[in-house]
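Reader: I have a model open and would like to go through it with you. Can you take my questions one at a time?

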Protein chains: 2
Amino acid sequence: MVGKLTAKGRATRARIVEGAAAVLRERGVASATLDDIMARTRTSKSQLFHYFPAGKDELLLAVARFEADQVIEDQQPHLGRLDSWEAWERWRDVVVERYEQQGDECPLGSLFFQIGRSTPGARAIVVELMRRWQESLAAGIRALQAAGRLPADLDVDARAAALLAAIQGGVSILLSTGRSAHLRVALDQGIADLRREGDAVDRRGG
Amino acid sequence: MVGKLTAKGRATRARIVEGAAAVLRERGVASATLDDIMARTRTSKSQLFHYFPAGKDELLLAVARFEADQVIEDQQPHLGRLDSWEAWERWRDVVVERYEQQGDECPLGSLFFQIGRSTPGARAIVVELMRRWQESLAAGIRALQAAGRLPADLDVDARAAALLAAIQGGVSILLSTGRSAHLRVALDQGIADLRREGDAVDRRGG
DNA sequence: CCTACGATGGACCGCACAGTCCATTCCCAG
DNA sequence: CTGGGAATGGACTGTGCGGTCCATCGTAGG
């Protein structure tokens, strides 16, 4: 479809995706129209269909990819460097702050519900996001193991999975109720559990 | 609006809500139309607007209420009687099974995104559901305290909140990926944490 | 057995919005 | 500088679908 894109074309395409993402956040996926996106991005119908020949769904998919990347990016550099308890705490703060600021908007969730399980690409994006996210958490736990702050026989994947679930649940409740208390509690408790394992190491190791 | 409903009328209204719920689950909220609901429930346009004068939004709201009640109901009688570790385990199994069976459908989540934050009633339904859910968990924890299986100084609300977040996160990931592993891990770990607190009591209490 | 009102049927309307088409302009390669 | 494809503008179309309206039927209550 888009094999030939000049520099200008690439810029326009990017402008459309980013503008569409903004519109979807503001208006909500359900009520955002192509006209809204055109107005926001100063483009015409033909441009939209030029860069996304398959129409709205293809555009939404591109926005979903954009938002998924954003999720990971917004947690950097902390998420990629969880090699001390201080780093974990900083990361926690970033996550809480990011989602408190985002408030009750969930662009990715909305997009997922809109595009639906029908499209194969949609699920792949979320699955990949979850995989990357959990893998980063697992890497952080392993880093602590390597530093001797956590026991070597810890079930890393289970811990990472539970942490990811804690975050998702907290965010989910934040979206529903507007209160971030659950996100904080869930994250705090998850990290506290980890530290407790570390304390065991400290006691054993002297 | 609906002050006067004969027995027949009430039956029809209920049939519409239940049928609409089924259609929304199958087709997805985004692509389900009033015509679909009419076909499924063997009703006419005028009936839909007779029982839901404000139109589709009002109907969706009614379905949301229905689904929210369903969520709690599906966990009974276990959720209302979490007074032993065995009861907690049984409840866990019911939750996992229920959501595994539901698969990647999330009627309530979809409805929430569709109706949106604009409507005040929508959020209230979810907030109330979360409140009831967490309160039941808290009651279960208090029952264990009363039975001497958990320490009296446990932060009941924080535990209940974290458990609720664990469930929500697990379900959320199940919806996204189709895998229930996170839900299982999160629930198991949450309950295991609780039991660990109980073990402390046992050691102290003899 | 009426009669008033609720329950039902279904034709009809209007519009919002995705998607099409062609004309025009821009810009790089040769 | 020139030809051609990419980029853009914008009018136009088709229709799906929510919502309105009125006519008819069923029935509970007197």
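Author: Let us start with a helix of chain B. The buried residues of α6(B) are P107(B), L108(B), G109(B), S110(B), L111(B), F112(B), F113(B) and I115(B). Buried means under 20% relative accessible area, exposed over 50%, and partly exposed in between, with a 1.4 Å probe and protein chains only. Helices (H or I, at least four residues) and strands (E, at least two) are DSSP runs numbered from the N terminus.

Reader: How many of the residues of α6 of chain B are buried?

Author: Eight of its nine residues are buried, so helix α6 (residues 107-115) of chain B is mostly covered.

Reader: What do the buried residues of α6(B) pack against?

Author: In chain A, they pack against α6 (107-115) and α8. In chain B, they pack against α1, α4 (56-73), α5 (85-102) and α7 (120-146). Contact here means heavy atoms within 4.5 Å.

Reader: What follows α6(B)?

Author: G116(B), with a positive phi near 85 degrees.

Reader: Before going on, what kind of model is this, and how is it numbered?

Author: This is a predicted model: local features need pLDDT of at least 70, side-chain atom pairs count only at pLDDT 80 or more, and totals for chains, interfaces and linings use all residues. Residues are numbered from 1 along each chain as its sequence is written, chains are lettered from A and ligands numbered from 1 in the order in which they are written, and side-chain values use heavy atoms, with hydrogens and water left out.

Reader: Fine. How many helices and strands does chain A have?

Author: Chain A has nine helices and zero strands. Its C-alpha atoms fill a box of roughly 70 × 40 × 30 Å along the principal axes.

Reader: What share of chain A is buried?

Author: Of its 206 residues, 52% count as buried. Among contacts in chain A with a separation of 6 or more, 68% come from residues 24 or more positions apart.

Reader: And how many charged side chains, positive and negative, does chain A have?

Author: There are 29 positive and 28 negative side chains in chain A, and the centres of the two sets lie 6 Å apart. Lys and Arg count as positive and Asp and Glu as negative, while His and the chain ends are not counted. The place of a charge is taken as NZ of Lys, CZ of Arg, CG of Asp or CD of Glu.

Reader: Switching to the DNA. Which residues come nearest to DNA strand C?

Author: K45(A), K56(A), S46(B), Q47(B) and H50(B), out of 19 residues around the strand. A residue is near a strand if one of its heavy atoms lies within 4 Å of it. Of the strand C atoms within 4 Å of the protein, 65% belong to sugar or phosphate and the rest to bases.

Reader: Which polar contacts does the protein make with DNA strand C?

Author: A polar contact is a pair of N or O atoms within 3.5 Å; within protein, one must be able to donate a hydrogen and the other to accept it, and residues adjacent in sequence count only if both atoms are side-chain atoms. Among those with strand C, the side chain of K56(A) has an N or O atom 2.9 Å from a phosphate oxygen, and a backbone N or O atom of L34(A) is 3.0 Å from a phosphate oxygen. The side chain of S44(B) places an N or O atom 3.4 Å from a base nitrogen.

Reader: Which helix gives the largest share of the surface near DNA strand C?

Author: α3(B), with four residues.

Reader: And which one gives the most near DNA strand D?

Author: α3(A), also with four residues. 20 residues surround strand D, and the closest are S46(A), Q47(A), H50(A), Y51(A) and K56(B). The side chain of H50(A) has an N or O atom 2.7 Å from a phosphate oxygen of strand D, and a polar side-chain atom of T12(A) lies 3.1 Å from a phosphate oxygen of that strand.

Reader: Back to the protein. Is Q75(A) buried or exposed?

Author: Q75(A) counts as buried because its relative accessibility is 1%. It is found in the loop between α4 (56-73) and α5 (85-102) of chain A.

Reader: What is Q75(A) in contact with?

Author: Leaving aside neighbours within four places in sequence, Q75(A) contacts W91(A), V94(A), V95(A) and W133(A). Its side chain and that of W91(A) are joined by a polar contact of 2.9 Å.
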